[in-house]
Amino acid sequence: MRLLISGILFFCVFQVFSQEIQIGLFYGVKLNTATATVGHGTYVLKVDSLFQDTLTKGAEINFSSAGGESVATVSGKRYVGKEIHLIHLEDYDFFTLKGTSPVTKLHSYHGDLLFKVIKGKFQPINRVDMDQYLAGVIESEGGGGKHLEYYKVQALMSRSYAFKNLSRHKKEGYQLCDAVHCQAYHNRARHEFSIIDAVHATRGEVIVDDRGEIITTYFYANCGGQTSDASYVWNNDVSYCTPFLDTFCIHTRQAKWEKRIPRAKWEKFIRDEYGIDIVSRNLMNYAYQFKQDQRKAFYIHPSLGIPLRDLRSEFGLKSTFFDVTLEGEEVVLRGKGFGHGVGLCQEGAMQMAKNGYHYSQIALFYFTGVHLKRFGASDEDIR
Ligand SMILES: [Zn+2]
Ligand SMILES: [Zn+2]
């Protein structure tokens, strides 16, 4: 009896920590056919409710669709069903998948592979352990060579995003897609073992606001020394993204930039878009001695209504945090930072990690008034 109870307990705990997530693969690609290959371990082929075959390393499965159903061909045998399911048996089993019409890159995933026809669309879905998914996201988005403590921050952010958006693709029959629309997930983590360690070390942890709700984990490359008010970027406030000074990023790669724009082009845009003629209105001094010691929302003066974010998008600028001067017939923009500046500054966070800060200190530095919470049997506030 005791054994049974401890078995059940183990099962419950295991359930909590082994949450699975369903990822729609090849988002944005209209897939007609694809080939999966068993890369490691043993997979069971299930067609609707029937187990049909056992496949080992090197086995190839060709997928297509016909008459609203999925078709799998394995060694000349053809299986047809509403749902074709390749089930993995061990944690580290993986398969590769490649679109054959249209031809795509080869991808590699842990977990199960499902093929379904959803609303007339032939859709591969990866049903995978949440931690294995997160490790794949961090490697897809960030590459290698970062500090372990920084990877832990990335794990918190990606996990927060995933838990907050589990219903994002509900209508399409899965939870998240594999593109930047959700979080880039091109492969299982293959190269950087410290990413897997970081995901495990933060298991279940997410960032929550003062009401206990998971936050939206905004991030960008470099704030240039001061983070931005969310309302400067999107017109609405975000309680946990308020501006503050960040000295961790000011000597890094993307800390400064310069761009030159022909004066006529600059003035034409201001005239055409906002009806303001800089020259005839005697605004030259204001326009060409424009400084931002602190981040501003508007160019020249707020009452003229020229949002810096509009200039950023029109002229492809790295940030809205720039000064403006005139040199001959060129407008010279000298700027700081790269990205919108709301939330976590990646280069600052990397520097903090190198300087020995704990991942929770980094998360709490960039998001104001938040704390970390672990999803589990009893949700606990941990920091
Ligand atoms: Zn998506
Ligand atoms: Zn910064």
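**Exercise 1. Work out what the buried residues of α10 pack against, and where on the helix they sit.**

Start with the neighbours: in this predicted model, the buried residues of α10 pack against α3 (148-164), β14 (205-208), β20 (344-345), α9 (346-354) and β21 (371-374). Next, name the residues themselves. Helix α10 covers residues 359-366, and its buried residues are Tyr359, Ile362, Ala363 and Tyr366. Now look down the axis of α10: these buried residues fall within an arc of 95°, so they line one face of the helix.

**Exercise 2. Decide whether histidine 110 is buried or exposed, and list what it touches.**

First, place the residue: histidine 110 belongs to strand β10, which runs over residues 103-110. Then count. The cut-off for buried is 20 or more other C-beta atoms within 10 Å. Histidine 110 has 25 of them within 10 Å, so it's buried. For its contacts, skip anything up to four places away in sequence; that leaves Tyr92, Asp93, Phe94, Val128, Asp129, Gln132 and Arg188. As a last step, try arginine 253: it's 143 residues from histidine 110 in sequence, and the C-alpha atoms of the two are 35 Å apart.

**Exercise 3. Trace the seven-stranded sheet and find its edges.**

Walk across the open sheet and you'll meet the strands in the order β4-β3-β8-β11-β12-β1-β13, with mixed pairing. Now check the two ends. β4 (50-56) and β13 (176-177) each have a single partner strand, so one side of each is left without a neighbour in the sheet. To see what packs on the sheet, go to helix α2 (residues 130-142), which touches β1 (20-24) and β12 (121-129). The direction of α2 makes about 105° with that of β12.

Then zoom in on one pair. Strands of a sheet pair through backbone hydrogen bonds, either parallel or antiparallel. For β3 (residues 42-47) and β8 (residues 83-88), the sense is antiparallel, over five bridges. One bridge to look up is that of tyrosine 43, whose partner in β8 is histidine 88.

**Exercise 4. Split the chain into domains and say where the prediction is unsure.**

Begin with the domain assignment, which gives domain 1 (12-177), domain 2 (204-248 + 341-381) and domain 3 (256-336). Taken over C-alpha atoms, the centres of domain 1 and domain 3 are 47 Å apart.

Now for confidence. The chain has a mean pLDDT of 92, with 93% of its residues at 70 or more. Residues 1-17 are another story: pLDDT stays under 50 there, and the model gives this stretch five contacts beyond four places in sequence.

Definitions and conventions
Residues are numbered from 1 along each chain as its sequence is written. Chains are lettered from A and ligands numbered from 1 in the order in which they are written. This is a predicted model: local features need pLDDT of at least 70, side-chain atom pairs count only at pLDDT 80 or more; totals for chains, interfaces and linings use all residues. Two strands pair if DSSP finds at least two bridges between them. Helices (H or I, at least four residues) and strands (E, at least two) are DSSP runs, numbered from the N terminus. Two residues are in contact if their C-beta atoms, placed from the backbone, lie within 7 Å. Axes are lines fitted to C-alpha atoms, for helices over the stretch in contact, and angles run from 0 to 180 degrees between N-to-C directions. pLDDT is the predictor's confidence in each residue, from 0 to 100. Domain bounds come from an automatic or database domain assignment. A residue is buried if 20 or more other C-beta atoms lie within 10 Å of its own, exposed if 12 or fewer, and partly exposed in between; C-beta atoms are placed from the backbone. The arc is that of the directions from the helix axis to the C-beta atoms.
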